[in-house]
Amino acid sequence: MTLARLAELHGVATAYAPSAGVTVHVPDATVVAVLRALGVDASTPQAVAEALARAERDARERLLPATVVLWRGGPPPPALAELPPDTRLLVTTEGGDALEWDAVKWAALEGDAPEWDAGAGLPLGVHRIEAHAPDGRRSRAALVVAPERLPQPPERVHGLLVQLYSVLSTRSWGMGDLGDLRELAAWAGRTHGAGFVQVNPLHAAVPGAPVDPSPYRPSSRRFPDPVHLRIEEIPEFGYVGSEYRAELDAVLHEAAELRERVLNKGALIDRDAVWAAKRRALELVATVPLGPGRRADYCDFLAEHGRALEDHATYCALAERHGHHWRDWPAELRDPAAAAAAVRDDDELPALVDFHCRLAWLTDRQLAAASRAAREAGMAVGLVHDLAVGVHPDGADAWAQQDVFAAGMSVGAPPDAFNARGQDWGLPPWRPDALAASGHAPYRGLLRDMLRHAGALRIDHVMGLFRLWWVPEGGEPTEGAYVRYDAEAMLAVLVLEAHRAGAVVVGEDLGTVEPGVREALERRGVLGTSVLWFERDWDGDGRPLAPERWRAGCVATATTHDLPSTAARLTGQHVLLRHRLGLLTGDLERARAADRAEVAEWLGRLDGLGLLPEGVGEEEAEVRAVHRFLLRTPARMVGVWLPDAVGDRRPQNLPGTWDQYPNWRLPVADPSGRPLTLEELAASPRLHRLFALFREGAGGGDREG
């Protein structure tokens with residue numbers, strides 16, 4: 001019980017409930033390992049007793065938690081309402097203003113209730129607060145003053161869900177790029193009235209070949225990957241000197257060949273080859289001096305991003321010399337501060353660091369151009385960027401922020417009805433204690449960078465704002481434990497930063513969700529994610545949920561990047577694919593029969609609602625019926641998976657596979673598997689027939705019933 005009490009005080013759960021009525025206890029060894037990662041020694045009974053005594057003493061003596069949250073217009077935070085009478089509060093605002101704040105005025109009110117001055121004129125922001133109690137105790141904390149709710153889409157909107165690398169134009173270099181994103185957004189907004197384009201994470205990948213193709217295991221979430229650059233649209237490109245033109249022409253020829261291989265020769269998208277070509281081109285472009293205005297813009301970018309950008313570029317430079325496994329670097333380079341000094345004394349590294357800073361700037365400016373194009377096309381929301389749940393343990397963020405990440409731990413998921421072995425995602429988690437001690441500064445900085453050019457932000461595994469499943473290094477995912485975060489503070493910072501950016505927030509809340517989490521997210525205006533095939537009356541007869549019973553606060557869609565395309569689902573091809581790859585755990589015919597029954601049930605519901613006038617049996621008509629159904633729901637945002645618009649039957653990612661399937665490397669294709677260029681997508685009759693539904697439903701007619 002002593003260990004359990006110590007774990008509770010540090011937010012570590014000693015049991016979890018994988019399903020109703022079932023409780024699983026966490027092994028003591030796991031609890032000890034997780035506490036060790038939080039800086040708490042629980043290795044012996046004496047160590048546990050001493051750590052518990054310290055934790056309980058700190059809890060008794062502490063006046064304020066590490067973070068106090070004040071929701072504008074809301075009730076008093078319990079941390080302030082419970083302060084001793086006559087406690088003085090001193091606040092230093094973000095802007096440096098100091099004031100004494102009578103937040104809790106104890107008065108002779110009925111029931112001795114505090115008279116609350118909600119907000120007391122404090123500006124929105126993350127401030128510092130000090131409490132001075134009459135008994136001499138003092139306490140300091142971060143004070144987050146946030147709006148009550150997030151911005152919402154100004155109207156019901158529809159849009160595209162896109163994996164950018166998969167959308168190649170006749171101008172891209174073997175994978176989709178930011179020039180393609182700009183064109184896609186402008187076309188979708190102007191031609192089809194789309195209100196948003198959601199893209200996969202564009203985070204910087206871990207350097208070196210072969211690159212992990214998954215966009216969900218990045219090196220850094222703070223900076224985008226320059227592999228997405230449209231080289232020809234860099235202003236200096238046209239001024240490369242004649243002495244370099246032959247070399248540049250050779251690179252352009254190679255780029256054309258990369259594009260040709262993917263579009264017409266059946267090759268997979270090869271990020272390594274694309275980056276090798278772009279890297280050589282960027283080195284040639286870098287020989288062109290920046291003009292005065294461009295130089296000033298670059299300097300502004302350097303000043304704005306400061307230490308974070310310097311650390312990122314330093315890591316990239318050192319990784320080129322020593323490889324990306326930074327724990328194997330010379331000892332003096334493993335620490336970012338010491339590494340910065342070593343770089344300054346090197347003959348070559350300062351120029352290489354500047355080169356990587358410039359790549360971050362160029363990529364940021366092309367992202368800004370894509371975002372601007374979306375807005376100018378009339379999109380009510382614009383670009384929706386995707387925030388991965390974590391970073392690669394060998395990447396730039398893990399190196400630069402070692403004090404914030406839990407050493408020897410990985411994020412994953414516990415065993416459940418769908419995965420008896422649990423999951424280990426190989427991503428180090430943030431330490432909740434370190435986040436709190438810093439006033440959640442790393443989290444705030446990450447959000448600001450992600451929201452720079454976003455009309456909305458999608459948060460992968462949004463439940464991670466509340467708790468994450470930590471798996472000790474070398475252990476099985478079944479031997480993990482939940483670690484709780486300060487969800488109130490995490491939500492408050494999210495709402496604050498999104499409010500400042502004027503951005504919508506979408507949470508990916510699929511799968512097992514802790515009771516109360518969806519309600520807390522909805523209360524603050526975080527939209528959820530609702531996928532047609534999962535929306536059933538689970539509390540009733542289990543049948544497909546009627547459209548009017550769907551939640552309004554969500555992005556409604558037919559599928560995601562981790563699920564079969566709608567055409568594959570309707571035709572049963574996804575079952576055959578899983579069988580071919582050895583992923584089916586049971587009998588093929590039984591699986592096919594169950595799948596046919598599920599599809600037939602949904603088609604029956606669609607037909608019964610009058611959404612399938614063509615009748616059952618024609619796959620394209622059935623895809624349209626699925627989207628008619630989505631339009632009948634009250635969902636604030638309706639997303640169309642781009643491959644669904646052209647009948648692509650291949651998943652972009654097949655969870656549970658690595659080399660067996662080309663995850664994250666497929667271009668968008670037609671039903672036969674022939675890759676389609678962006679230009680062909682824009683001219684596709686099938687796509688236009690699907691989007692005609694959204695034009696027809698814009699006035700609300702298709703949402704009746």
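In strand β19, Y482 is the bridge partner of W469. W469 belongs to strand β18, and this briefing starts from that strand. The model is predicted. From β18 the points move to the sheet around the strand, then to helices, one alanine and the cysteines.

**Strand β18**

- Residues 467-472 make up β18.
- Of the 6 residues of β18, 6 are buried, so the strand is largely enclosed by the rest of the structure.
- Cover comes on both faces of β18. R467, W469 and V471 are buried on one side. L468, W470 and P472 are buried on the other.
- In a regular strand, side chains alternate between the two faces of the sheet.

**The sheet around β18**

- The sheet is open and has 4 strands, in the order β16-β15-β18-β19. Its pairing is antiparallel.
- β16 (423-427) and β19 (481-484) are the edge strands, and each of them pairs on one side only.
- On average, neighbouring strands of this sheet are turned by 50 degrees against each other, direction ignored.
- Strands of a sheet pair through backbone hydrogen bonds, either parallel or antiparallel.
- β18 pairs with β19 over 4 bridges, in the antiparallel sense.
- β18 also pairs with β15, again antiparallel and over 4 bridges.
- Strand β15 covers residues 409-413 and pairs with β16 over 3 bridges, in the antiparallel sense.
- G412 has a partner in each of two strands. It stands opposite W469 in β18. G412 also stands opposite D424 in β16.
- W469 thus links to G412 in β15's pairing with β18 and to Y482 in β19.

**Helix α2 on the sheet**

- Helix α2 (residues 28-37) lies across β15, β18 and β19.
- The helix runs at about 105 degrees to β18.

**Helices α5 and α10**

- Two packed helices are described by the angle between their axes and the distance between the axes.
- Helix α5 spans residues 178-192 and helix α10 spans residues 349-376. They pack at an angle of about 10 degrees, with axes 8 Å apart.
- That angle makes α5 roughly parallel to α10, because angles under 35 degrees count as such.
- The α5 side of the contact consists of L178, L181, R182, A185, A186 and R190.
- The α10 side consists of T363, Q366, L367, A369, A370, A373, A374 and E376.
- By type, the residues of this contact divide into 9 nonpolar, 2 polar and 3 charged.

**Helix α13**

- Helix α13 (residues 441-451) is mostly covered, with 9 of its 11 residues buried.
- Those buried residues are P442, Y443, R444, G445, L446, L447, D449, M450 and L451.

**A273 in helix α7**

- A273 sits in helix α7, which spans residues 271-285.
- A273 counts as buried because its relative accessibility is 16%, and the cut-off is under 20%.
- Leaving aside residues up to four places away in sequence, A273 touches E254 and L258.
- H253 is 20 residues from A273 along the chain, and their C-alpha atoms are separated by 13 Å.

**Cysteines**

- A disulfide is a covalent bond between the sulfur atoms of two cysteines.
- The count here is 0 disulfides, with a cut-off of 2.5 Å between the sulfur atoms.
- C357 is in no disulfide. Its nearest cysteine sulfur is that of C316, 9.0 Å away.
- C357 is buried, at a relative accessible area of 8%.
- C554 is buried too, with a relative accessible area of 0%.

Definitions and conventions: Residues are numbered from 1 along each chain as its sequence is written. This is a predicted model: local features need pLDDT of at least 70, side-chain atom pairs count only at pLDDT 80 or more; totals for chains, interfaces and linings use all residues. Side-chain values use heavy atoms; hydrogens and water are left out. Buried means under 20% relative accessible area, exposed over 50%, partly exposed in between (1.4 Å probe, protein chains only). Two strands pair if DSSP finds at least two bridges between them. Axes are lines fitted to C-alpha atoms, for helices over the stretch in contact, and angles run from 0 to 180 degrees between N-to-C directions. Contact means heavy atoms within 4.5 Å. Angles under 35 degrees count as roughly parallel, over 145 as roughly antiparallel, 65 to 115 as roughly perpendicular and the rest as oblique. Ala, Val, Leu, Ile, Met, Phe, Trp, Tyr, Cys and Pro count as nonpolar, Asp, Glu, Lys and Arg as charged, and the others, Gly among them, as polar.
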